[in-house]
Structure formats: C-alpha cells, structure tokens
Amino acid sequence: MSLPDSRLPTDPIEKAWTNRKFSMKLVAPANRRKYSVIVVGSGLAGGAAAATLGELGYNVACFCFQDSPRRAHSIAAQGGINAAKNYQNDGDSIYRLFYDTVKGGDFRAREANVYRLAESSVNIIDQAVAQGVPFAREYGGLLANRSFGGAQVSRTFYARGQTGQQLLLGAYSALERQIARGTVKMYPRTEMLDLVVVDGKARGIVVRELDSGAIRSYAADAVCLATGGYSNVFFLSTNAKGCNVTATWRAHKRGAYFANPCYTQIHPTCIPQSGSYQSKLTLMSESLRNDGRVWVPKDPKDCGTDPRQIAEGQRDYYLERKYPSFGNLSPRDIASRAAKEACDSGRGVGPAIEGVRRGVYLDFADSVKRLGKKAVSERYGNLFEMYQRITGEDPYEVPMRMYPAPHYTMGGLWVDYHLQSNIPGLFVLGEANFSDHGANRLGASALMQGLADGYFVIPYTLADYLAGVKPGGVDTTHAAFKDAEGEVKAKNDTFLGIKGRRTVDSFHRELGNLMWDNVGMARNDAGLRRTLQRIPEIRDEFWSNLNVLGSGGELNQTLEKAGRVADFLEFAELMTQDALVREESCGGHFREEYQEEGEAKRDDARFSHVSAWQFNGVGAEPTLHKEPLEFKYVKQVTRSYK
Amino acid sequence: MRLTLNIWRQKSRDSTGSFEKYDMPEVSEHMSFLEMLDVLNERLQADGKEPVSFEHDCREGICGSCGFVINGRPHGPMPRTTVCQLHMRSFKDGEELWLEPWRAKAFPIMRDLVVDRLAFDRIIQAGGYISTNTGSAPEANSVPVRKDSADKAFDAAACIGCGACVAACPNASAMLFTSAKASHLGLLPQGQPERLERAEKMVVQMDSEGFGHCTNHSDCSAACPKGISVENIARLNGDYLRATVFGSPRAGDDAEGGG
C-alpha cells in the first residue's frame, strides 16, 4: 500500500482551514449519539477531544492507564502556551506564529497544518480562560505574556511554572462534566494493548484492566489515539515513567505508518544526572532562559571552582557569543548542542559521572540585581524551589546547573490534514502524531498543538469521516477482536513464562544508554549501524532472559512495564533506521557528517520529505514511503539565529 | 547510609496486609525516595520476590500519582514535598521507616501502597467545572480578572489531587481537596454563575463517598505538598451555607471576586 493522499488544501493558506471546514460533511445533532468513538489517552489532546466530542453528543469512551485522567503527562508542562493574540502590540500575528513554527521546525513540517495550528491558537486561550484556567495577569486584570525560545515576540501565556497542569485541569474538568452527563464513559487504569482493524477500518481496541488484569475489547466507529510521545526509549528522559510507545507501536504493527521517528527533541535545560540509580530527569522550564544567562568557565581548570568565585572575564557566555541576536533564547536544538559541545570540550561543570562533568551554568545573578529577588521569584519561584529540593542548592545564591535531556518527540504516526492515519477511522492527535512541528518543536507549542487537535480540529474532521460510514455493524464478538485478544493474552503469558534472570528495568536501561549514546543529540553513520546490530541482540536476550514475577490476573506493575519495554525494543530499531537514512541534519536530528561550522546542514534536494514507514514484521526491513514537502509561503532558507 | 524499611504489603483489595521489614544497606543521599524503592524492587526481583507496588508517574511532584505515609506523615518529613521529590538527604543513617498506604474508607487499598482514589474524580464530576462548551468562549481579554483574584485562584488550583489531605485528617475528610477546586473556580468571574450550586453539589458528593467531616484540625494543609490553605475550606463553608440556607443563588451573589 502506498501513502494515501494527505488531503492538503490548495486554497490560499489564510482561507484553507475555513474553506475546508465548510466543505466537510457534518453529522446532525440527533444522529451523533448513534456513533461511538474511542479516545485513548486523556492528556491535552485526548482529554480535549473526548470532552468536546461528548459535548457534541457522540457516544465517547475514553481510556487512560493512569488512575485518573488528570494525571496524563501534559500536566508536567511548565512554561506556557503560544497564541498569536498580539496583546503586546509587538508585531505578532497568525502569520508570524506560522512562520516562526515552520522555520523553527527546520522546514520539515507541512505549511497548511502549521497555519491551522497558528490560527487555532487564539481560540485555545479564549476557551481555557472560560474554563477558569488561572493564567498570569497584569494589574489591570488582562492577560500577561512572556517570551520564549525561537521567537522575537512575546506571545506565550502562562500560569506560573505550571501551565500544563492548569490547561490539563481545564480539559479534565470539561471531561468530567461530560462523564457526569453520560456522554463520555471513562476507563481509567486501562491500557490499550492492540488496535483492531476490520475490513481495513479501525474498529476498536483491546485493553488490559490494570486492576484486575482482565483483557477486554471495545468496538467503535472510530478510534482516536492521543497517547503521547516516545522519549522514554532513552530510559532517562523528562517524560513521566509511564509514558510509552505501546499504543502507537501496536497500531503501527496493525498497518499504521510511523512518520519521522528520528525527530526527537532534546531539551536544553534539565537538572543534570546525579548518579547511576537515576530514574528520570527533571526539566526546568525553558522560560528560565528569559532571565538566566548560560555560561561555562573559559578555562577547564575552573570547572571545579565555586562559580561565584569565577571572574566575569573568565566566563564564556557561549550562547550570547555565538548567537548575538537570540542569545540565551536560541532554539532548543541549538542550545542543547552548544551545551554538549561545551562539556565535550572539557568545560562542563558539576559532579563528574564516568569522568565527564555534564552541566552548564544558568545564572540568575544579573536578573536578581536588575529586577529584585521578589520579581524573579514571582516568575520562577516554584521552579527554583523544585531545583533546590532536588539538588540541595539555592539558585538565588548559586547558579543552576543544567544539561540537555530527551523531552519531546516530533515524530509519530503519519496522519493526513484531517489527522487520520493511513488506516481509515484511526485518528492520531497531539504528540502521538507527527504533523505540526517538523524536525524541531518550538517552546510552548506542544500544549498549543495538543489542544488545537483536541478542541478545534478533530470535532470537524472526525464528523466528516463518520458522516460517510454507517454506525455500528461490528461488535467485539467479531473474529478480529477475538484474535487480537488471543495475541495479547499470549504475549503476557510469554512474559510471565520466561522466568529468566534479568529485570525489565535492566533491559530498559541498557536500551536507553545505547540510544542516548548513538541516536541522541548527535548521530553518525557508524554509530547508527552499530546500534542497528545491537538492538536485536538486546531484544533476543529480553525474550529469553526476562524475569516477570506474579501473575496476569492481578495488579502487576512489572508486567505492564514488560509490555512497554518490549515495544520500545522494536520501535528503537525503526527510529535508528530512520536516523540512518536521513543523511542530513535538520532540527533535532543532527548527523555529525552533515554540518557547516558546527551548524546543522539540511539537504533540501534529497530530504525535503516526510518519511513514513510501513511495518513488515519484527526484524524485517520496513518499507519507506516519502511524502514530499512543498513550501509556497515560507522560503526554505538556512536557519540562522545569529 | 543504612536504613530499615517496614513496608505495608497487601496482595489485593480483599486480602489482609501486614508490614514486612527490609534492610537497605547502601542508600545514597542524592537518591529520591522512589529511586530507593526502585533499588529495593530490583533486589527483590533478583531474589525471586514480588516487588513493592507503589503509584508514581511524573516523578517531579506535579501529576499527583505518588504518595504514601512515612512514619505517620503523608509524603514524609519534608514540608511541601511529594514523596517523589523527597530526597534521602532528609533522613539519617540508621533510621527505621514505616511505609503505609493512605488510610481512608473512601480510598480502598488495591495493593501494597496503591489506593483507589476514584472518589476524587466523582467529586469533580459533581460540579468541579465551569459549564462552557468548546467554541462558546468569549474573547479572552473581554473579562478582566483582578490580579489578586487570579493569584488566589491559582493558589487553590495548584492542588494535585494526591490525597495526602485525606490521609492526614483524623476524620479522613476531603474538605481541603474539595474546597481547593470550589475556591479556584469560585474566585474567578467565570465561575460565579454556578458558584453556590457547585459548592453544594461537591459537598454532597464528598459526603456520599464516605469521607469524614472537617473539624478544623488543619492537618490537611500541613501535609499538603502544594501548601493549599485552609482558607479555602472557610470559603467553601460560606458558599455551602449560603446555598443550603437560602436554597438557590440570589441576586447579588455573582459579584466579582467571591467570598
């Protein structure tokens, strides 16, 4: 099967989405309850979609593996959400947000998708305020903004350092309201373990109830996956421990194409690792770079010295030096690589782990002097507290130490302009799809995309799909459901039956280290080829030497993890393969062979396309489909933040 | 440092549980509490024993998944800190710790340190929202909100729904949780139309879930990892009283800012 039509509009970009909304089919209010829709995931994208589809009158079932939909990982987003409101009168517009996002994504996203995202951004803020999201305000009572990496305007709305939490609680409250009204049935502690495709259409899912261990099926007229990203393929990332690739990977194994899996984002400001027992990395909002200055000592001999004792002239404010116009606010990929370079050159700070100091300073001394401690604390108080709790150091006194960490994944299941995958009836929202950020996502744009997809895109595009199909007709007694249930059960039985000697976490850590070293911030041909050889070896050992205790018929957190790590062990191979064949550097994908004076060197002639991969079996060569990218509005230039 | 852990082990909802003792000989002060449990779990599995089940996800103190009682204190000894953010430097070499799940009738124990907190979601379902459908919102800046109202609303909205307040309360009351949501919405102009109704419905639901009554001990606020204030309880009590004594919202109740 080749790649289906991406259904990109050909109308002028300013009118494209409006015109498309008008031309799409509708489902009349009285008919909506006849259609059932499954939404997997309850974060910003899934929660917003489930709530909105419920409000419209569809019969919605929403699933999450956490104990409550409010715990989805969107909750951890700190910094803010972009919207082209131009409240600051500083030259922002929908077009500029569109332009910045296409450029920030290093010209690897579809223009029409990005424009729609920018267009929806203004409605998101209205909606969130109406729900009671307590955004920061000025004394006059109007909304406040801050600036963020990759932009020269101030367009980010925020709720202290907990913007994701507040937006998610907004979507969650809308969702709970629909649950109370009976339009949405919520299934918490329920993990999707397979997608069921009948006659070429997505018709349901197989799940495991994590409390009882029961395997069950649910049928519907359409399935929406909003299951987040795959940063945990690196084991250590800023993602929550439960974040996984299972839902999207199992959909991929049922035929959904996976697009651009090598596009991963490494966040420049995370708290450095403190020891080998480390279970995750903690992100400190990028908004800190607004008022903090990044530096390392000029002389490696100063790396162990108390930073307050290092004279101004002995400090290298390398972002300000290398990128004078964006300085400390350079985009994430650039800031991350610059930090790695500084540490690789022996000028890193903080504790040495395996002989290398991996940290750079983020210094607030100037801001405290300029604005006062109170103003700094109003902006970043909770972040400073968090930092102090983890490191035992007070950032008002001593510069913070930061190092990049995997954070977000731009790749995901391939979708068309309607957010539909190549399997009809399977829609993919938020971080789980690949669609809007190209090769690199700008700060404060993840929340925007999740909510745009859930509140303002899927209600229209899903209706267009449903209007073309008859409701019902397939239930869970269908053979496809029974087969999928059987496979899920057999897989769990296998995990429990291996009775080997190694724990799930030990395999996850081993895979994570391999991926971080070779498919992380910088990649090269030899390392990627080595990784492709090594992954199947780890996978083979996993399937022969894994130890999962307990049974399948009970709450068994190790069994849950085993399924997720098994999928990461397959997915990692595709991610590496994608990184290997993309012989260019773009956005978060940095190939050491393709650079010019340390900057990423894109190859538009060969790689101005989306790579959509088709699954052909575990360990078998996947098929690559290419969707060419056209740029009619933003000229493909070399990104420069100098 | 070396620690002794006594951990509540319970196989399922229906089984009875008991404490089991574990020796932790090499604990680093830089580990988080949950990382220490990870280390224990790796060891238990190597010995063929089932690991300790505990709830956790973001491990940065915001998702509200984690939480258990350490030596009688929900989330342990550090004020305003979830157990995932608690680091071992808060403990001394040789200490003996007792870990047990939240204890409340409305939070049944599922396994080891994991409890069922769905009752919280049902309290929100009863009225913890502003009824506004997607698409119907007015322009965001069309309703100014006093900065102090927005700030106070935010303080209340910072609740992570972990359940420590219930675990800390001698009556296992959920008043701090319930009042935080009611206050957050009731302090904003957008939340006024449903304010009194919301207060009443949420309190009724809370009672029906089997949570106890508030008798003003304030242990909840002391245990809260987000420092949610008991002022919210006073606000909710005021609204509840007005709703129940006067029956329905009266003219003048929708003044901006609220109680």
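A residue counts as buried here if 20 or more other C-beta atoms lie within 10 Å of its own. With that cut-off in hand, let us walk through this predicted model, starting with a helix of chain A.

**A helix and its partner**

Helix α6 of chain A covers residues 163-181. Its 19 residues reach 27 Å from the first C-alpha to the last, close to the 27 Å expected at 1.5 Å a residue. Of these 19 residues, 17 are buried, so α6(A) is largely enclosed by the rest of the structure. Directly after the helix comes A:G182, with a positive phi near 85°.

Which helix packs with α6(A), and at what angle? The partner is α3 of chain A, residues 44-56, and the angle is about 35°. The two axes are 8 Å apart, and the crossing of α3(A) and α6(A) is left-handed. On the α3(A) side, the contact is made by A:L44, A:G47, A:A48, A:A50, A:A51, A:G54 and A:E55. On the α6(A) side, the contributors are A:L167, A:L168, A:A171, A:Y172, A:A174, A:L175 and A:Q178. By class, this contact has 10 nonpolar, 3 polar and 1 charged residues.

**Two open sheets in chain A**

Chain A also offers two sheets to look at, set out in the table below.

| Strand order (chain A) | Pairing | Edge strands | Average turn between neighbours |
|---|---|---|---|
| β5-β2-β1-β9-β19 | parallel | β5 (184-187) and β19 (426-428) | 20° |
| β6-β7-β8 | antiparallel | β6 (190-198) and β8 (215-219) | 25° |

In the sheet of 5 strands, the edge strands β5 and β19 of chain A each pair on one side only. Further in, strand β1 (residues 36-40) of chain A is joined by 4 bridges to β9 (residues 222-225) of chain A, and these two run parallel. You can find A:V37 opposite A:A222 of β9(A).

The sheet of 3 strands is open too. Its edge strands β6 and β8 of chain A each have a single partner strand, so one side of each is left without a neighbour in the sheet. How many bridges join β7 of chain A to β8(A)? There are 5, and β7 (residues 201-209) runs antiparallel to β8(A). Here A:G204 stands opposite A:A219 in β8(A).

**Chain B as a whole**

Turning to chain B, we find 8 helices and 7 strands. The C-alpha atoms of chain B fill a box of roughly 65 × 35 × 35 Å along the principal axes. Of the 259 residues in chain B, 53% are buried. Among the contacts of chain B with a separation of 6 or more, 73% are between residues 24 or more positions apart.

**Two residues with positive phi**

Two backbone spots are worth a look if you check torsions. A:R7 has a phi near 50°, a positive value in a residue other than glycine. This arginine lies in the segment before α1 (13-23) of chain A. In chain B, A172 likewise has a positive phi near 50°, and it is not a glycine. B:A172 sits in the loop between α4 (164-168) and α5 (175-186) of chain B.

Is each of these residues buried or partly exposed? A:R7 is partly exposed, because 14 other C-beta atoms lie within 10 Å. B:A172 counts as buried, because it has 20 C-beta neighbours inside 10 Å.

Conventions:
Residues are numbered from 1 along each chain as its sequence is written. Chains are lettered from A and ligands numbered from 1 in the order in which they are written. This is a predicted model: local features need pLDDT of at least 70, side-chain atom pairs count only at pLDDT 80 or more; totals for chains, interfaces and linings use all residues. A residue is buried if 20 or more other C-beta atoms lie within 10 Å of its own, exposed if 12 or fewer, and partly exposed in between; C-beta atoms are placed from the backbone. Two strands pair if DSSP finds at least two bridges between them. Axes are lines fitted to C-alpha atoms, for helices over the stretch in contact, and angles run from 0 to 180 degrees between N-to-C directions. Two residues are in contact if their C-beta atoms, placed from the backbone, lie within 7 Å. The expected span of a helix is 1.5 Å times one less than its number of residues. A crossing is left-handed if the near helix is turned anticlockwise from the far one by less than a right angle, and right-handed if clockwise. Ala, Val, Leu, Ile, Met, Phe, Trp, Tyr, Cys and Pro count as nonpolar, Asp, Glu, Lys and Arg as charged, and the others, Gly among them, as polar.
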